[in-house]
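Thanks, everyone. I have one model to go through today, and I will talk about charged pairs and then about one loop residue. Here it is.

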Amino acid sequence: PGDILAFLPGREEIRRVGSLLGAPGIERWLPLHAGISPEEQLNLFQPSEHARIILATNVAETSITLPHLVYIVDCGLVRERSSHRNALGIDRL
């Protein structure tokens, strides 16, 4: 028993992987990124009878410590912003 934390590059990747796992919910998978509500954040700290998969951006890597983790998976990709001469930022993996 215990939870799995998987780091993904961004919200879109969390959405896509989550869609493969089914509807989000406390018993299946939970998103973790800057846009989730305080209530959703609190769900991450509550124990569960079933193993959960937490899909997170790398922001969570340095800003939060979750209890009940057994496995951590890091896809090795990160989304970073780079700027060019025209001062427009471009996201890239």
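Start with Arg52. Its relative accessible area is 0%, so it is buried; the cut-off for that is under 20%. Keep in mind that this is a predicted model.

What does the side chain of Arg52 meet in a salt bridge? The partner is Asp3, at 2.7 Å from N to O. Asp3 is buried as well, because its relative accessibility comes to 3%. In general, side chains of opposite charge can pair when their charged atoms come close.

Where do the two residues sit along the chain? Arg52 is in the loop between α2, residues 38-45, and β3, residues 53-56. Asp3 belongs to strand β1, which covers residues 3-7. That puts the two 49 residues apart, and the pair links distant parts of the chain.

How many salt bridges does the structure hold? The count is three, and the remaining ones take us to helix α1, residues 11-21.

Take Glu12 and Arg15. Their closest N and O atoms are 2.5 Å apart, and they form a salt bridge. Both lie in α1, three residues apart, which is about one turn of the helix. Are they buried or exposed? Neither label fits: Glu12, at 36% relative accessibility, counts as partly exposed, and so does Arg15, at 48%.

Next, Arg16 and Glu13. Here the side chains meet at 3.9 Å, N to O, and the cut-off for a salt bridge is within 4 Å. Why are they about one helical turn from each other? Because they are three residues apart in helix α1. As for accessibility, Arg16 comes out at 44% and counts as partly exposed, whereas Glu13, at 11%, counts as buried.

Now the loop residue, Thr57. It lies between β3 and α3, the latter being residues 59-63. Thr57 has a relative accessible area of 9%, so it is buried.

Which residues is Thr57 in contact with, once neighbours within four places in sequence are left aside? The list is Phe7, Leu8, Gly10, Arg11, Ile14, Leu32 and His33. Of these, Phe7 falls in the range of strand β1, residues 3-7, which is the strand that holds Asp3. Arg11 and Ile14 fall in the range of helix α1, residues 11-21, where we just saw Glu12 and Arg15.

That is what I have on this model. Comments are welcome.

Key:
Residues numbered from 1 in each chain as written. Predicted model: local features only at pLDDT ≥ 70, side-chain atom pairs only at ≥ 80, totals over all residues. Heavy atoms only, no water. Helix = DSSP H or I, 4+ residues; strand = E, 2+ residues; numbered from the N terminus. Buried < 20%, exposed > 50% of the residue type's maximum accessible area, 1.4 Å probe, protein only. Contact = heavy atoms within 4.5 Å.
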